[in-house]
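Thanks, everyone, for making the time this morning. I would like to take you through one structure, starting from a single residue and working outwards to the chain as a whole.

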Amino acid sequence: LHADVVLVDAPCSSSGVLRRHPSQRWALHLQEVSDIADLQLSILEEASQLVRPGGRLVYATCSLIHLENQSVVAGFEALQRGFV
């Protein structure tokens, strides 16, 4: 089964909701964020197998942290050089 568009709404650290839940700031730890980023990359790799050739893979989080966004995408692009 292959789809034209696959949306990955990845689990994240929820740093994007700090304004509404400021106490969350003190609950974030670098190791946890790193573990979440590893999980996100794994999910993205699995989801990419469901995209038809020429289709789109859309990646989204509610995080504002570079490690969970740009770094995950860069890691995916490095591992999946043939993915277009």
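Let me begin with Glu68, which sits in the loop between E2 and H2. Before going further I should say that this is a predicted model, and what I report is to be taken in that light. Is Glu68 buried or exposed? With a relative accessibility of 0%, Glu68 counts as buried, since the cut-off for that class is under 20%. Its side chain is joined to that of Gln40 by a polar contact of 3.2 Å. If we set aside residues up to four places away in sequence, Glu68 touches Cys12, Ser13, Val33, Ile36, Gln40, Tyr59, Thr61 and Ser63.

The loop between E2 and H2 also holds Asn69, and this residue counts as buried too, at 18% relative accessibility. Beyond its neighbours within four places in sequence, Asn69 is in contact with Tyr59, Thr61, Ser63 and Leu64. If you compare the two lists, Tyr59, Thr61 and Ser63 appear both for Glu68 and for Asn69.

Staying in that loop, we come to Ile65, which counts as partly exposed at 23% relative accessibility. Which residues does Ile65 touch, once those up to four places away in sequence are left out? They are Ser13, Ser15, Leu28 and Val33. For one of these, Ser15, I can add a distance: the C-alpha atoms of Ile65 and Ser15 are separated by 7.0 Å, although the two residues are 50 residues apart along the chain.

Let me now step back to the overall layout. The chain has two helices and two strands, and read from the N terminus these elements follow the order β-α-β-α. The C-alpha trace spans about 45 × 20 × 15 Å along its principal axes. Of the 84 residues, 27% count as buried, and the chain exposes about 5,800 Å², of which carbon and sulfur atoms supply 56%. As for how the contacts are distributed along the sequence, if we take those between residues at least 6 apart, 78% of them join residues at least 24 apart.

With that layout in mind, we can turn to the interior. The largest nonpolar core has eleven residues, namely Val6, Val8, Ala10, Ala37, Leu41, Leu44, Ala47, Val51, Tyr59, Val72 and Phe76. At least two residues of this core come from each of E1, helix H1 (30–48), strand E2 (51–60) and helix H2 (70–79), and the largest share, four residues, is supplied by H1. Tyr59, a member of this core, is the residue we have already met among the contacts of Glu68. Another core member is Val8, which, leaving aside neighbours within four places in sequence, is in contact with Ile43, Leu44, Ala47, Leu57, Val58, Tyr59 and Ala60.

Not every residue of these elements is turned inwards in this accounting, and E1 offers an example. Leu7 belongs to strand E1 (residues 3–9) and is exposed, with a relative accessible area of 59%. Together with Val5 and Val58, Leu7 makes a nonpolar surface patch of about 260 Å². In helix H1 we find Leu39, which counts as partly exposed at 43% relative accessibility.

Now to charge. How many salt bridges does the chain have under the rule used here? The count comes to one. It is formed by Asp4 and Arg52, whose closest N and O atoms are 2.3 Å apart. Because Asp4 lies in strand E1 and Arg52 in strand E2, the pair ties together parts that are 48 residues apart in sequence. Asp4 is partly exposed, at a relative accessible area of 47%, and Arg52 is likewise partly exposed, at 34%.

I will end with two pairs that have equal separation in sequence. His29, which is in the loop between E1 and H1 and counts as partly exposed at 44% relative accessibility, lies 16 residues from Ser13 along the chain, with 9.4 Å between their C-alpha atoms. Leu39 and Ser23 are also 16 residues apart in sequence, and here the C-alpha to C-alpha distance is 24 Å.

Methods: Residues numbered from 1 in each chain as written. Predicted model: local features only at pLDDT ≥ 70, side-chain atom pairs only at ≥ 80, totals over all residues. Heavy atoms only, no water. Patch = residues over 30% accessible without salt bridge, like charges linked within 9 Å, V, L, I, M, F, W, Y side chains within 5 Å. Areas by Shrake-Rupley, 256 points an atom, 1.4 Å probe, with all protein chains shown as cover. Salt bridge = Lys/Arg side-chain N within 4 Å of Asp/Glu carboxyl O. Buried < 20%, exposed > 50% of the residue type's maximum accessible area, 1.4 Å probe, protein only. Core = buried A, V, L, I, M, F, W, Y, C linked by side-chain atoms within 4.5 Å. Contact = heavy atoms within 4.5 Å. Polar contact = N/O pair within 3.5 Å; in protein donor to acceptor, adjacent residues only side chain to side chain.
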